[in-house]
Amino acid sequence: MKEITDVLLSEQYDAEQLRNLRIPESYRAAVVLHDDVDMFGAIPAENRDPAKSLTLSDVPTPEPGPGEVLVAVMASSINYNTVWSAIFEPMHTFGFLKRYAKAVPSAGIHDQPFHVLGSDMSGVVLKTGAGVHRWQAGDKVVAHCLSVELSSADGHDDSMLDPDQRIWGYETNYGGLAQLSLVKANQLMPKPAHLTWEEAASSGLVHSTAYRQLISRNGAQIKVGDVVLIWGAAGGLGSYATQLVLRAGAIPVCVVSSDHKAELVRAQGAELVINRAEEGFRFWKDPETPDPKEWKRFGARIRELTGGDDPDVVFEHPGRETMGASVYVARRGGTIVTCASTSGYQHQYDNRYLWMALKRIVGTHFANYREAWEANRLIAKGAIHPTLSAVYDLDEVGVATRRVHANAHSGKVGVLCLAPRPGLGVDDPEFRARHIDQINRFREPSDN
């Protein structure tokens with residue numbers, strides 16, 4: 001692995017040189033183990049510590065099959081599916097791997113007693129399987145996390161509808177929180193040349209998800225002037241949603257949980273901000289009883305900020321905690337576009353406010369290849385910027401995941417894999433210099 005790293009860091013390699021490198025028989029990866037799936041017992045999900053289950057281990061290097069690519073991973077990032085995997089909530093992920101291996105004969109390698117996590121990655125192509133023509137050894141790439149088979153007609157209009165659609169690094173093995181990673185060739189996209197490895201690795205999952213939710217014909221298709229309520233506007237999803245709404249000429253109403261996060265979204269250009277902690281919004285009287293009076297108070301606060309307008313679109317991802325309020329505050333005929341449900345999957349809302357006011361709920365899940373490619377293009381063009389706040393080494397992956405689980409972060413949390421330090425990988429310093437303030441907007445002082 002040191003030989004690979006030395007060559008990649010030298011920046012003086014060609015495809016033939018990389019193809020001739022010896023690929024190690026094993027590599028270091030962040031894994032959860034099948035033997036540990038019951039380790040937390042009856043501990044509530046919110047009290048489980050992902051740092052106890054997510055560990056570094058040596059795993060055998062997979063051989064890329066037809067249509068697959070082996071990538072040297074320079075950096076990755078923590079997503080909420082990393083948290084779910086590490087706390088085995090709402091279920092352990094080994095069932096996903098077993099079903100994948102059973103459904104797709106060529107996927108048998110994914111059914112292992114270990115699961116390499118991670119659904120984001122930036123790196124360099126090392127080796128390609130049969131039938132891969134678009135990419136070659138030496139290409140600098142980022143990966144989106146959609147893994148599809150496309151053997152069914154259902155996925156050929158929108159690949160997210162493919163019955164064999166899976167999320168790489170969550171429902172498949174050999175994810176990005178590792179020194180090497182196995183991906184399908186159609187997951188790869190060009191790395192934005194002006195970004196560092198860790199910056200480039202921080203956007204794939206969340207930005208593509210937000211793009212589909214807000215911009216795509218498969219989501220809300222926001223337009224100029226729309227009022228868009230954004231929950232968790234300084235978090236992973238929300239920080240990209242805020243930028244997309246502003247770029248589209250719409251009006252974000254950003255909900256955050258601290259003064260610091262309010263400053264971050266204002267720095268992005270948002271003017272209408274609700275600090276829900278400061279204003280004391282509590283949408284449940286107790287764990288089983290919603291509080292419609294708080295929905296009403298929240299709606300009044302939004303109208304106060306907007307000059308009397310209710311949201312045309314609600315960007316919904318917390319789930320159980322906020323869905324009742326989201327349905328209530330959306331304007332007549334408005335849209336609630338939802339994914340993730342990080343606070344719980346069992347939603348409760350008053351259906352009278354949905355059906356009688358002609359509102360609609362649109363479910364979205366990640367993005368298809370075209371949507372992910374377009375989202376990545378916006379970053380490469382400097383129209384949208386990464387919201388990386390902190391960077392950890394691979395051997396600190398448990399601590400990084402714990403931080404996301406506790407919501408003790410802003411934007412995205414990155415992880416260095418083969419990159420020995422932050423700041424490497426920039427190929428267009430002049431373009432970077434024009435956007436450096438936006439690129440560093442979320443960075444914590446120690447990581448600048």
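Start by selecting helix H8, residues 236-247, in this predicted model. H8 lies across three strands: S11 (227-230), S12 (251-256) and S16 (313-316). Against S11, the helix runs at about 170 degrees.

**The sheet**

Now select the sheet under discussion. Its 6 strands follow the order S13-S12-S11-S16-S17-S18. The sheet is open, and its pairing is parallel. Go to the edges next: select S13 (272-275), then S18 (360-363). Each of these edge strands pairs on one side only. Look along the strands to see the twist. On average, neighbouring strands are turned by 20 degrees against each other, direction ignored.

Stay at the S18 edge and add S17, residues 335-338. S17 and S18 pair in the parallel sense over 4 bridges. Which residue of S18 stands opposite Thr335? Select Arg360 to see that partner.

**The largest pocket**

Move to the largest pocket. About 1,400 Å³ of space lies in it. Show Tyr80, His317, Ser341, Thr342 and Ser343: of the 49 lining residues, these are the closest to the pocket centre.

Which element gives the largest share of the lining? Select H4 (80-87), which supplies 4 residues. Then add the other elements that each supply at least two lining residues: H7 (204-214), H8, S12, H14 (397-405) and S20 (412-416). H8 returns here from the first stop, as does S12, one of the strands that H8 lies across.

Finish by colouring the lining by class. The pocket lining has 23 nonpolar residues, 19 polar residues and 7 charged residues.

Notes: Residues numbered from 1 in each chain as written. Predicted model: local features only at pLDDT ≥ 70, side-chain atom pairs only at ≥ 80, totals over all residues. Heavy atoms only, no water. Pairing = 2+ DSSP bridges. Axes fitted to C-alpha atoms, helices over the stretch in contact; angles between N-to-C directions. Contact = heavy atoms within 4.5 Å. 1 Å grid on protein atoms, 1.4 Å probe; cavity = no way out; pocket = protein on both sides within 12 Å on 5 of 7 lines; lining within 4 Å. Points joined across faces, edges and corners; volume = space filled by probe spheres on them. Nonpolar A, V, L, I, M, F, W, Y, C, P; charged D, E, K, R; others polar.
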